Structure formats: C-alpha cells, structure tokens
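Please open the model in your viewer and keep the sequence panel beside it, since each stop below begins with something to select.

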Amino acid sequence: MRQSTLLRRGCVKRALVAGVLVICLGASAGAPEAATPKPDCFNGLLAFASLAPDAYSEIYSISFDGRRRDVSRTTGSDSFLQPSPDGSKVAYWTDGQLVVANADGSDPRQIPGASGQSDASPTIAWSPDSRRFALTQAAVSRAVSGTYVAVFDLTTGHWTAFSGLGVEAPQWSPDGTAIAVDSALRTEVSLLRLDGTRVTPIAPGTLTGWSPDGKHLLIVNSSGQAQVVSVAGGAPETVAGLAVSGWTPDSSRLLGISTNLPDANTLETVAIDGSDPRVIAQDAGQARLSPDGRRVVFLRRTDQHVVVTDLDGN
C-alpha cells in the first residue's frame, strides 16, 4: 500500500493510508544556522515516514503544492524523523543508525553514539538554534547501568553528558539554556541547566513540553491528567478532560482533544487553567501546531485523512 497526499485549501485530499501524523518543518530550508527563527517563518513543508506494509519505511517531505521528495533515500528502514526548528535539517534513524541531513535529503551525516554507548531512546530533541540536539543514552557496564542525557554539537562533532544516571526524555527550553527531563521511572519532572547547575526537581509526573515563553512546563500526573507548572516551582494547575498536545504561540492557551463525553474527540483550545474552551474541529485524533502557531494538523478519525486548518477551524 502506498501513501499518496495532495494538500489543497488546507486539506489532504487523499488518505495517508498508514495514518501517520505529519510533522511541520519550520523556517526556510536555505536559512543559515546562525539565523534566529522568527514566529512567522514557515517553509511550507510537511515531513512524514511512510509505513507501507510491503516495503521498508522511508522519510519524505511534501510541500503544500503537493510535490513530494524522498529525503532519506536509503534502502534501509527509516523512522523517528525530527526536523530542526529552523527547518534546514532533519534527523532520523535508518536501521539503528542516527542520520542528520539537509531538509531536502542532501549531505546525510551519520552520527556516532556517545562514547560508543548504545542509544536508549530514538527520540531526538533539537536545541532552539538547531546547532545541537539532546538524546537519551544508555550506560551499561559491569559497574553501572541506567540512562542519561547527552548533547551532540553539530559544529564540533562532540557529545557532552549533561546529567547523571536516572533521567531521560530531554526537552530544551525555548531560550536554549536549560533542558527538562523525566526520571527514568517517569515519576518526576526535573530541570537541568546547561551552566552546570544541579538538576532541580519541579513536580511529580511525566513531561509533555515547555510553554513557548519558557515560564511553564506541561506535565501529566499519575492519574493521566494534564497539569501546568511554573519552572520556578509551585503547585501544578490541573487541566481536566483534555488530552493536551501543545501550546499556542503566546503561551496563553493549550491545544488538545477533549476526553469528556459527549464532546470526546473534539479538537479545541483552552486557557491554561482549563477554562474558556474554543472548538476547532470534531472527530480529531492526533494533533499538532505548525511552528508559526497559525495552523493545526490533525488526523481525522473516521477516514484517517490528515487535515490542516487554522486555529479558528477555517
């Protein structure tokens, strides 16, 4: 089964058969790494991994005029893609090897593991300036075992370990000065500052992501409820009845899918305290904001089509 897509008037006209959620690329793919991404930067590309049952998965990008490009160009199985924030690069795994390439697939570069250790998680966390990325690594020896967070610098080609054992799932702060992490048992969210300050516990739960202004973290508590907590500390604010997937660009609202009957599977935004719900679309599965925060891409449950719409639902 092949995947075929055509974006027109904000909607995919043919189904992504495998039902994968696409990932929007950010700023112009030709922008230099030194450039600071701006909120209105958007290069009009979507990146996705095909999951055809009769072939190895492959990484593609697709523009809003329907043109598709094979990015990974390998004979292996490619997966876990993650575009850089400035849209100039894409990182992905091919047969267990981490690769970073330009957004069009050119100049692929294989990235060796930190100190020869195997990778504990395939999820890649890019720094806001797109010059570094963080990864969960596994330390295994006769003396110790566990996971830690390491950062790879694309300019120097070096890894640096930024945590002790027992943490994973790194996510960069918007200003690039700190990394939020989960405990290995997913019971506590902590903050790791890159100036060498010790790891600071923030709240019980599992990390979801930063607010765009860097002042709050979105976490999930042990009951599965979304919560908002200040990075300065304090009691978390529970957002009930919403499977949250992200923030609006001004950090004032959360995007998510309602879990409350009879409005379950409704895509909406709410204030960070859970009030003032505003409906975007019905029958929604996975959802994600574009980097400029103007559009939402979501999987429509009934026909498995991928739909792109504005935040107001138009």
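Select Trp126, Phe133, Phe152 and Trp159, which form one aromatic cluster in this predicted model. Rings of Phe, Tyr and Trp (for Trp, its six-membered ring) are taken to pair if their centres lie within 6.5 Å, and a pair counts as stacked with planes under 30 degrees apart, as edge-to-face over 60 degrees and as tilted for the rest. By this rule there are four aromatic pairs. One of them joins Phe133 and Trp159 edge-to-face, with 5.9 Å from centre to centre and 85 degrees between the planes. This pair links distant parts of the chain, as Phe133 belongs to strand 12 and Trp159 to strand 14 (residues 158-161), 26 residues apart. Strands here are DSSP runs of E, at least two residues long, and helices are runs of H or I of at least four, both numbered from the N terminus. Phe133 and Trp159 are both buried, where buried means under 20% relative accessible area, exposed over 50% and partly exposed in between, with a 1.4 Å probe and protein chains only.

Before moving on, note that residues are numbered from 1 along each chain as its sequence is written. Local features need pLDDT of at least 70 and side-chain atom pairs count only at pLDDT 80 or more, whereas totals for chains, interfaces and linings use all residues; side-chain values use heavy atoms, with hydrogens and water left out.

Keep Phe133 selected and add Ile111 and Ile124: these three have the most contacts inside the largest nonpolar core, which has 15 residues. Such a core is a set of buried Ala, Val, Leu, Ile, Met, Phe, Trp, Tyr and Cys residues joined through side-chain atoms within 4.5 Å. Strand 8 (89-94), strand 9 (97-102), strand 12 (132-140) and strand 13 (145-153) each supply at least two residues of this core. A second, separate core of 12 residues includes Ala180, Val189, Leu191 and Trp210.

Now centre on Ile124, and show its contacts, meaning heavy atoms within 4.5 Å. Leaving aside residues up to four places away in sequence, Ile124 touches several residues, among them Phe80, Tyr92, Leu98 and Phe133. From there, step to Tyr92, which is found in strand 8 and counts as buried because its relative accessibility is 1%. Tyr92 and Leu81 are 11 residues apart in sequence, and their C-alpha atoms are 4.2 Å apart in space.

Next, display strands 15, 16, 17 and 18 as a cartoon; these four strands form an open sheet in that order, with antiparallel pairing. Strand 15 (167-172) and strand 18 (200-204) stand at the edges with a single partner strand each, so one side of each is left without a neighbour in the sheet. From one strand to the next the twist averages 30 degrees. Strand 15 pairs with strand 16 (residues 178-183) over four bridges in the antiparallel sense, where pairing requires that DSSP finds at least two bridges between two strands. Within this pair, Trp172 stands opposite Ile179 in strand 16.

Finally, select Arg253, whose place is in strand 24 (residues 253-258). Arg253 counts as buried because its relative accessibility is 9%. A polar atom of the Arg253 side chain lies 2.5 Å from the backbone oxygen of Asp276.

Zoom out to the whole chain, which has zero helices and 29 strands. Of its 314 residues, 47% count as buried.

Note on methods. A polar contact is a pair of N or O atoms within 3.5 Å; within protein, one must be able to donate a hydrogen and the other to accept it, and residues adjacent in sequence count only if both atoms are side-chain atoms. Axes are lines fitted to C-alpha atoms, for helices over the stretch in contact, and angles run from 0 to 180 degrees between N-to-C directions.
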